Amino acid sequence: MKMYRKMLKVIGSSLLILLILSLFWTLAYFVSGILYTWIGWQPHDLVQQLLGSVLGFVLFGIVVSIVSPHFQRRQNVYFKELTDALHRISQGDFQVRVDPFGRRNPDDGPFNTIVLSINKMVANLQELDGMRQEFISNVSHEIQSPLTSITGFARAMTYEELPREVQLQYLQIIDAESTRLSKLSDDLLRLASLDSAHHPFHPENFRLDKQIQLHILAFEPQWLAKEIDIEVDLPEISITADKSLLSQIWVNLIQNALKFTPKGGIITVSLAQEDDRVVVRITDTGCGMSHEEQLRIFERFYKADKSRTGSTGGSGLGLSIVHKIVDMHQGSITVNSAPDEGTTFTVSLPIHVNSSPVN
Ligand SMILES: Nc1ncnc2c1ncn2[C@@H]1O[C@H](COP(=O)(O)OP(=O)(O)OP(=O)(O)O)[C@@H](O)[C@H]1O
Ligand SMILES: [Mg+2]
């Protein structure tokens with residue numbers, strides 16, 4: 001269809017040029033006729049034709065030289081518009097949109113290809129700028145709330161008649177909020193580093209079952225305190241991957257399962273090999289999530305049901321870090337959950353990863 005339109009255009013413009021030239025030659029024919037009668041000279045047919053052709057060219061040249069500056073001016077004005085727009089974009093104005101040149105179809109001609117690319121680039125920059133602003137406002141908010149608690153409770157501590165147990169309670173809150181701030185800064189640095197192209201990625205061969213088991217044991221005080229039953233099915237499986245990065249996946253997922261499962265719940269961790277992949281499933285009998293919440297949990301700073309997560313103290317970065325690391329290993333992570341019924345996170349990783357395609 002596009003080819004057909006192109007051919008029609010070429011034929012149309014050739015016919016137009018032929019028509020214009022014929023017009024000039026006809027004009028030259030009549031003008032030279034009038035000139036010969038006026039000077040009373042009737043040259044030979046051949047000379048008449050030669051002089052007519054020359055006159056046709058001269059008339060054509062005169063008209064072109066009168067009309068072309070007009071087009072040149074239009075082009076210059078348009079170039080100025082383009083450079084002004086680019087200047088405004090470089091100053092951070094991402095509302096700029098450039099109109100197509102002339103009254104042409106917007107995706108027609110070399111000018112408009114450039115215009116389309118500029119408009120597309122500005123739209124992308126605008127989206128990135130929106131994300132940057134949202135990120136800054138999220139970070140500020142996440143910093144502000146623990147800081148408010150810390151200053152509030154530190155001031156309250158200055159009352160001399162405060163009973164000792166209340167003082168201890170306030171100190172615990174200050175301690176928890178400081179830990180939260182420090183974790184936030186660690187997570188932000190980790191995400192920035194994972195996003196950069198220079199994050200180290202060192203695959204090695206190791207026993208995945210042992211690694212997961214160690215992390216489960218490290219959380220023993222928490223699951224014992226909440227009287228949570230941990231069921232494990234960890235057959236001996238080795239994997240080639242970045243050990244320290246994978247460790248962050250298990251820490252985040254186990255921590256979430258512990259955090260969102262009430263007292264007396266059950267957490268099941270299983271590992272299996274499926275062809276050339278290993279699949280880790282972490283299931284809990286916790287509060288679960290709605291379908292809409294599940295769609296957003298891998299976004300940075302997203303916390304499902306803020307009223308519920310307010311007391312748990314997270315900043316909503318854990319799963320974005322997990323997602324990033326899974327991507328770096330060419331793996332996948334899925335969530336299956338229902339409110340009040342529990343959640344299962346399934347991580348599938350290739351058994352051998354030698355380099356990261358993401359960085
Ligand atoms: N196992 C789970 N059960 C129920 N909800 C969960 C579970 N895991 C994650 N979520 C929901 O997904 C949200 C995002 O999880 P994520 O780990 O990214 O953040 P967080 O745990 O709130 O904070 P952080 O991990 O930064 O300390 C959580 O706030 C929670 O609402
Ligand atoms: Mg988390």
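**Gln 211, a cavity and Ser 22**

Okay, let's start with Gln 211: this residue is buried, with a relative accessible area of 6%. Keep in mind that we're looking at a predicted model.

So where does Gln 211 sit? Its place is in helix 5, which covers residues 208-218. And what does its side chain reach? If you follow the side chain of Gln 211, you get to the backbone oxygen of Lys 243, at 2.9 Å. Lys 243 also turns up among the contacts of Gln 211 once you set aside neighbours within four places in sequence; the others are Phe 206, Leu 246, Ser 247 and Trp 250.

Next up, the empty spaces. How many cavities of 30 Å³ or more does a search of the whole structure find? The search gives 2. I'd like to show you the second largest cavity, which holds about 40 Å³ of space. Its lining is made of Ile 216, Phe 219, Trp 223, Ile 230, Ile 254, Ile 267 and Val 269. Sort those by class and you get 7 nonpolar residues, with no polar and no charged ones.

Last stop, Ser 22. You'll find Ser 22 in helix 1, residues 2-39. Is Ser 22 buried or partly exposed? Its relative accessibility is 40%, so Ser 22 counts as partly exposed. Now find Gly 56 as well: Ser 22 and Gly 56 are 34 residues apart in sequence, and in space their C-alpha atoms are 8.9 Å apart.

To recap the two residues: Gln 211 is buried, while Ser 22 is partly exposed. That's me done, thanks!

Definitions and conventions. Residues are numbered from 1 along each chain as its sequence is written. Chains are lettered from A and ligands numbered from 1 in the order in which they are written. This is a predicted model: local features need pLDDT of at least 70, side-chain atom pairs count only at pLDDT 80 or more; totals for chains, interfaces and linings use all residues. Side-chain values use heavy atoms; hydrogens and water are left out. Helices (H or I, at least four residues) and strands (E, at least two) are DSSP runs, numbered from the N terminus. Buried means under 20% relative accessible area, exposed over 50%, partly exposed in between (1.4 Å probe, protein chains only). A polar contact is a pair of N or O atoms within 3.5 Å; within protein, one must be able to donate a hydrogen and the other to accept it, and residues adjacent in sequence count only if both atoms are side-chain atoms. Contact means heavy atoms within 4.5 Å. On a 1 Å grid over the protein atoms alone, a cavity is a set of points where a 1.4 Å probe fits but cannot get out, and a pocket is an open set with protein on both sides within 12 Å along at least five of seven lines; lining residues have an atom within 4 Å of a point. Grid points are joined across faces, edges and corners, and a volume is the space filled by probe spheres set on the points. Ala, Val, Leu, Ile, Met, Phe, Trp, Tyr, Cys and Pro count as nonpolar, Asp, Glu, Lys and Arg as charged, and the others, Gly among them, as polar.
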